[in-house]
Amino acid sequence: MSAAPTKPVTNNLDAFLMPFTANKQFKKNPRLLAKAKGVHYWTPEGRRVIDGTAGLWCVNAGHGREEIKAAIAAQLEEMDYAPSFQMGHPKAFELAARHAAMLPGDLNHAFYCNSGSEAVDSALKIALAYHRATGQGTRTRFIGRERGYHGVGFGGISVGGMVNNRKAFSAATLQGVDHLPHTHLPAKNAFSRGEPENGAELADELERIVALHDASNIAAVIVEPCAGSTGFLPPPKGYLKRLREICTKHGILLIFDEVITGFGRLGTAFAADYFGVIPDLMTVAKGISNATVPMGGVFVRKPVYDGLLSGAENAIDLFHGYTYSAHPLACAAASAVLDIYKTDGLFQRSAELSKYWEDGVHSLKGTSGVIDIRNLGLAAGIDLEARAGAVGARGYDTFVKCFEMGLLVRQGGDTLAMSPPLIIEKTQIDEVIDIVGKAIKQAA
Ligand SMILES: Cc1ncc(COP(=O)(O)O)c(C=O)c1O
C-alpha cells in the first residue's frame with residue numbers, strides 16, 4: 001500500500017486559525033510566549049514578561065508548580081484514562097468530596113467537564129433536566145445578562161450578552177432567552193473602589209421578565225458575580241442578594257458563573273463566599289486545575305441533585321457528559337492545586353493583597369484618557385477613552401505597548417483587564433502599575 005501523499009510542513013504561522021484573534025494582524029507581528037515560571041512568561045527570544053492576567057484568569061497559583069507537575073506525572077504513570085460513564089475512578093470521587101467540603105451551604109455535588117464553556121452548557125442542561133425530573137417541565141426559559149460572558153457553546157452565547165460573540169451566530173442561538181440589563185453605570189459609579197454603590201435595583205428587572213413570561217416557564221437565571229470578559233464589573237452593593245431573593249421567590253434556579261471568580265480571585269474560595277449569596281448551581285474552570293490540564297465543573301446544591309436523582313434506581317439521571325469528564329490527569333492536577341491553595345494560603349493572600357492592589361490601580365486615576373477604574377480582590381478593569389472614529393484602537397495599542405514593556409494584560413475594545421496570579425509580590429504589583437501607566441501615556 002502506498003503512503004498517502006503529504007504536503008510540505010510550512011514554518012510560518014499560517015496553519016493555526018487562532019481563536020479570538022485578528023489573525024492577519026497577529027501573524028504580521030506575532031507575540032509569542034515560550035516559557036513560564038511563577039508570575040513570569042518569557043518570549044522565545046528570552047524577554048521576560050510579567051503575567052498580569054494569570055494567563056487568561058486561570059494560573060492562580062503561578063506557573064510551573066512542581067507539586068502539580070509531580071501529581072500529573074504520577075497519575076499518568078498509574079492510569080492515563082478511565083471512562084466516567086457507568087464506570088468511575090477513585091480520584092474523581094475524592095476530588096468531588098474535596099470540592100463539596102470547601103463549597104458554601106449545601107452545594108454538595110460536582111459534575112466535571114473540560115472548560116468553562118462546557119460547564120455553562122452543562123449547567124443549563126442540568127437546570128432543564130432537574131425541572132423535568134421534578135414535574136416542572138414547562139420551565140425551559142433562561143435569563144442571562146447584557147455584557148455577560150459564558151463561554152462559546154451555543155448555550156453560553158445565547159445567555160451571554162457580548163454582541164461580537166453572538167453576531168455571526170445569531171440565527172443559531174437558543175430560543176426563549178431574555179437578558180437582564182448590565183450593571184455598568186459609569187455616570188454614577190466611575191472610579192468605584194470595590195462594589196459600586198449604585199445599581200442594586202437593576203436586579204428588580206427580573207420581576208419584570210417574570211411578569212412577562214410567568215415564573216412557571218423560567219428555568220434559570222445565569223450571571224457572573226463579577227462580569228469578567230466585558231472589562232471586570234463588580235456587582236452593585238446588594239444586587240446579587242436581591243437576585244437571589246427573587247429567584248427563590250419564583251422557584252427559578254440561580255446559576256453563578258464563577259469561571260473567573262472561583263478559586264481565590266476575590267480573596268475567598270468563591271464569589272458566593274465573598275458576597276454571602278449561595279447559587280443553586282455554580283460553574284467553574286480555569287483555577288480549578290491552575291490551567292495545567294483543562295478542566296471545568298458544575299457544582300450543584302443538594303435539592304437539585306436529589307431532584308435529578310428522583311427517578312428509578314436503574315434510570316440514567318443525566319443524559320449528558322463528556323468522554324473526558326473527570327479525566328484522571330485533570331483530577332490529579334485539581335487535587336494538587338487544592339493542596340497548594342491551602343498550604344500556601346493563597347485565598348487569604350489574595351484578600352490581604354487586595355487593598356494594595358486597589359490603591360495601585362486607582363493611582364492611575366488622572367492619567368490622561370483613563371475614564372474609569374474598577375477593582376475587587378486581585379482583579380481590575382480600566383476603561384480608556386476611545387479615539388474618535390476608532391473604537392478599540394487605543395486599547396489595542398496600549399495592550400501592545402504593555403507587552404513590549406514586559407507586561408501581559410487583557411484587552412477588549414478600549415478596556416484593559418488585569419488579574420495577576422495570587423502569588424504576586426507587592427513589588428511586582430508596583431511594576432505592573434508602572435508599566436500600565438507608561439503604556440497608557442505612550443498609546444494616547
Ligand atoms: C465567566 C466565564 N464563563 C465561561 C468562560 C469560558 O471558559 P472556557 O474558555 O474555558 O470555555 C469564561 C472564559 O473566560 C468566563 O470568563
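**Strands, burial and the ligand shell**

Student: Which residue of strand 12 is the bridge partner of Ile-373?

Tutor: In strand 12, Ile-373 has Ile-382 as its bridge partner. The model is a predicted one, in which local features require pLDDT of at least 70 and side-chain atom pairs count only at pLDDT 80 or more, while totals for chains, interfaces and linings use all residues. Residue numbers start from 1 along each chain as its sequence is written.

Student: What makes strand 11 and strand 12 a pair?

Tutor: Two strands pair if DSSP finds at least two bridges between them. Strand 11 (residues 370-376) and strand 12 (residues 379-384) are joined by six bridges and run antiparallel, so the criterion of at least two is met. These strands form a hairpin with two residues between them, and Gly-377 in the turn has a positive phi of about 55 degrees.

Student: What qualifies a stretch as a helix or a strand, and how many of each does the protein have?

Tutor: Both are DSSP runs, numbered from the N terminus: a helix is H or I over at least four residues, a strand E over at least two. The protein has 16 helices and 15 strands.

Student: Why are strand 4 and strand 6 said to stand at the edges?

Tutor: Seven strands form an open sheet with mixed pairing, in the order 4-10-9-8-7-5-6. Strand 4 (107-113) and strand 6 (177-180) each have a single partner strand, so one side of each lacks a neighbour in the sheet. Neighbouring strands are turned by 20 degrees against each other on average, direction ignored. Helix 5 packs on this sheet and makes about 30 degrees with the direction of strand 10 (296-301). Such angles run from 0 to 180 degrees between N-to-C directions, with axes fitted to C-alpha atoms, for helices over the stretch in contact.

Student: Why is Thr-415 called buried or exposed?

Tutor: A residue is buried if 20 or more other C-beta atoms lie within 10 Å of its own, exposed if 12 or fewer, and partly exposed in between, with C-beta atoms placed from the backbone. Thr-415 has 22 C-beta neighbours inside 10 Å and therefore counts as buried. Thr-415 lies in strand 15 (residues 415-418).

Student: How do Phe-20 and Trp-57 stand against that definition?

Tutor: Phe-20 has 10 other C-beta atoms within 10 Å and is therefore exposed, whereas Trp-57, with 27, is buried. Neither is glycine, and phi is positive in both: near 45 degrees for Phe-20 and near 65 degrees for Trp-57. Phe-20 precedes helix 1 (23-28), while Trp-57 belongs to helix 2 (residues 54-57).

Student: What makes a residue part of the shell around the ligand, and how many residues surround the ligand?

Tutor: A residue is near a molecule or strand if its C-beta atom, placed from the backbone, lies within 6 Å of it. By this test 14 residues surround the ligand, the closest being Ser-115, Gly-116, Ser-117, Gly-151 and Val-259. Helix 5 (residues 116-133) gives the most to the shell, with three residues.

Student: How do you know whether the radius of gyration agrees with a compact globule?

Tutor: The radius is taken over C-alpha atoms, and the globule rule is 2.2 Å times the number of residues to the power 0.38. For 444 residues a compact globule would have a value near 22 Å; the protein has 22 Å, so the two agree. Of these residues, 48% count as buried.

Terms used:
Contact = placed C-beta atoms within 7 Å.
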